[in-house]
Structure formats: C-alpha cells, structure tokens
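Me: I have a model open and would like to learn how to read its features. Where do we begin?

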Amino acid sequence: MARRKPATTHGITVVDKPAGVTSHDVVGMLRRRFGERQVGHAGTLDPDATGVLVVAVGKATRLLRFVEKTRKGYTGEVVLGAATTTLDSSGDVLATFDLSAVTLDDAERVVADHLVGDIEQTPPMVSAIRVDGKRLHELAREGVEVERASRPVTIHRFDVVGWAEPGVLEIDVECSAGTYIRTLADDLGRLLGGGAHLRNLRRTYVGAFTLAEAGPPDECDLLPVASAVRSLPAVTVDDDVAALVANGRVLDAWDGDGPWAVFDPAHTLLAVYEPFRGQAKPAVVLPR
C-alpha cells in the first residue's frame, strides 16, 4: 500500500461556520481547498449553529487539544414553552407549556441560582460523544437511548440579555469546554416550571480566536502554526536548549503553572511542554 505523502501546508484557520453544514463538512471543504488530508477541528458545532470553528491543517493538528480546552462564548435564543426531541429547534416538539407569565427577573433568578458556576450536565442523545464505539447521535437516529453519565462543566457567565421576541429569551454564555448550550436551554425551561429549547446558536469565540478574524470556509486566512498556542505562556530558549527540546528531553520547569509554548531564538515553535513532577516534559514536539 502506498504511503500517504507528508503534509506540506500547515497552519490554523478560523472559520465562521455557516448554518446547514456539519463541522465534518467544513473539514472536508478545507481538505479540498488546501489539498491536504491532515485537517481537523477543535470542538464540534451543531449543523444549525454558526460561528467560530477553529480548524488545523498539517502538523498544527497535533496542537488542537490546546485549543479545545479553552473557554468558549456563545449567543443564542431560548424558546420558552416547547420542549423538543433534540433540545433545539431542529427536533420535534415533545410537549408544550404555558410560560407566558415568566419575567426576565424570573429567568435571571433561576440562572443565578442554578446555572452559573460549577454544575453537572448530562450530554444530550444528539451529541457526538461515543458510547461503546458509537456516537450518541447515531444511536438517537436509530431510536436508541442509553444511559449517559453526567459530567462537570463550568459556566463562567450566563447573561439573560432580554426578549428577542415574546416568549423567546436572548442569552449570552461563557463556559468551559464540553458544555452543551442546548442542555442549558432545556434546564432553564424546566427550572421555570415547563420546557424550552434552543435556537440560533452562534459561537462567538474559542479561547483567543474570535469572530473578528473568522471567515467563510473558502475565504478564511491560514494563520501560522504557532497561532494554535497563542493562549499559552511563551518561553524562548537558546540553541543548546532547543536541541534538547527537539530530542524530547525533560527540562527544568519555567515560571507559572504551564503548559508552555517553547520557541527557538528565531521564534519558531518547537514544542509544548507540560508540568511533570516539578519539571517540564514534552506534550508535543513538532518536526523541524
């Protein structure tokens, strides 16, 4: 079998994902655009959602986990009074409720009391999490529902901005990786005494990557590989230490908690190091 040729295009691109396509579709678009197979994204967006999708090309894909772990921002609308099969507007209505008496104060109080800070979330059946080798959304399409363990997430900020229209709340959320905004919408509806679902979800940023630098899949700029670690503290080493880094040596830790992005004197990204027993060990060493 012929060996796949190594990637020759490397970098990070910030896509403003359009509605109606999957995150995997966007990866396919960029594979064709750049002529590379080694392409991946940091954090799935639902097909109906829009906004920031960070995509890596070539060796930058090895750094995606340092993008995925960062905070994320979203805006969206919570439609009160209707619970759906998917917790968003793409699903079928399961039940309706009269929540016409709900006020902004009611919604803000419920959010402040229950939906901010460290909370537990149960992933929805339409998520991309794998159970026994199969993604939950694949099981959901087959009509199968399985037990899902709740997991901790952090809601750093949950603003109820106002009424987008009668019965529809406009929200603005800052949260940890792994948070499901559709689950927040569903929880808000239940805590208000009925049900709700999410619509018009838009991701406004992923860590240091914002809508301001995002573009359509066919126009977004290819940024340098080092852009992937722009949120990490940068360390510049001399040529002697750079040689040790290239060989994956464990080194003395630098200031701070890490991880650290390590650069040579020419400001070429060499590696990302993580804390290890009071020292620093390589998490990723990039080929020179």
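**Reading the model**

Reply: Cys-175, at 1% relative accessibility, counts as buried, because buried means under 20% relative accessible area, exposed over 50%, and partly exposed in between (1.4 Å probe, protein chains only). This is a predicted model in which local features need pLDDT of at least 70 and side-chain atom pairs count only at pLDDT 80 or more, while totals for chains, interfaces and linings use all residues. Residues are numbered from 1 along each chain as its sequence is written, and side-chain values use heavy atoms, with hydrogens and water left out.

Me: Is Cys-220 buried or exposed? And how many disulfides are there?

Reply: Cys-220 is buried, at 2% relative accessibility. A disulfide is a pair of cysteine sulfur atoms within 2.5 Å. By that rule the count is zero.

Me: How do I read a sheet, and what is the strand order in the open sheet of five strands?

Reply: Helices (H or I, at least four residues) and strands (E, at least two) are DSSP runs, numbered from the N terminus. Two strands pair if DSSP finds at least two bridges between them. Here the open five-stranded sheet has the order S15-S17-S18-S19-S16, and its pairing is mixed. S15 (234–236) and S16 (251–252) are the edge strands, each pairing on one side only. Inside the sheet, S17 (residues 260–263) and S18 (residues 269–276) run antiparallel and are joined by four bridges. One residue pair to look at is Trp-260 with its bridge partner in S18, Tyr-273.

Me: Which helix packs on the sheet?

Reply: Contact means heavy atoms within 4.5 Å. Axes are lines fitted to C-alpha atoms, for helices over the stretch in contact, and angles run from 0 to 180 degrees between N-to-C directions. Helix H6 (residues 239–246) touches S16, S17, S18 and S19 (279–285), and its direction makes about 75° with that of S18. At the start of H6, a side-chain oxygen of Asp-238 comes to within 3.2 Å of the backbone nitrogen of Asp-240. After H6 comes Gly-248, with a positive phi near 75°.

Me: Where is Pro-259 placed, and what does Pro-259 touch?

Reply: Pro-259 sits in the loop between S16 and S17. With a relative accessible area of 21%, Pro-259 is partly exposed. Leaving out residues up to four places away in sequence, Pro-259 touches Phe-66, Leu-232, Pro-233, Val-272, Tyr-273 and Glu-274.

Me: What is a nonpolar core, and which residues touch the most other members of the largest one?

Reply: In soluble globular proteins, nonpolar side chains tend to be buried together. A nonpolar core is a set of buried Ala, Val, Leu, Ile, Met, Phe, Trp, Tyr and Cys residues joined through side-chain atoms within 4.5 Å. The largest core in this model has 39 residues, and Phe-158, Ile-181 and Leu-188 touch the most other members. Elements that each supply at least two residues of this core include helix H3 (104–114), strand S10 (151–165) and H5. A second, separate core has 24 residues, among them Ile-12, Val-52, Leu-223 and Leu-232.

Me: Which residues is Thr-183 in contact with?

Reply: Thr-183 lies in helix H5 (residues 181–191) and counts as buried at 5% relative accessibility. Apart from neighbours within four places in sequence, Thr-183 is in contact with Leu-87, Gln-121, Thr-122 and Pro-124.

How values were computed:
A polar contact is a pair of N or O atoms within 3.5 Å; within protein, one must be able to donate a hydrogen and the other to accept it, and residues adjacent in sequence count only if both atoms are side-chain atoms.
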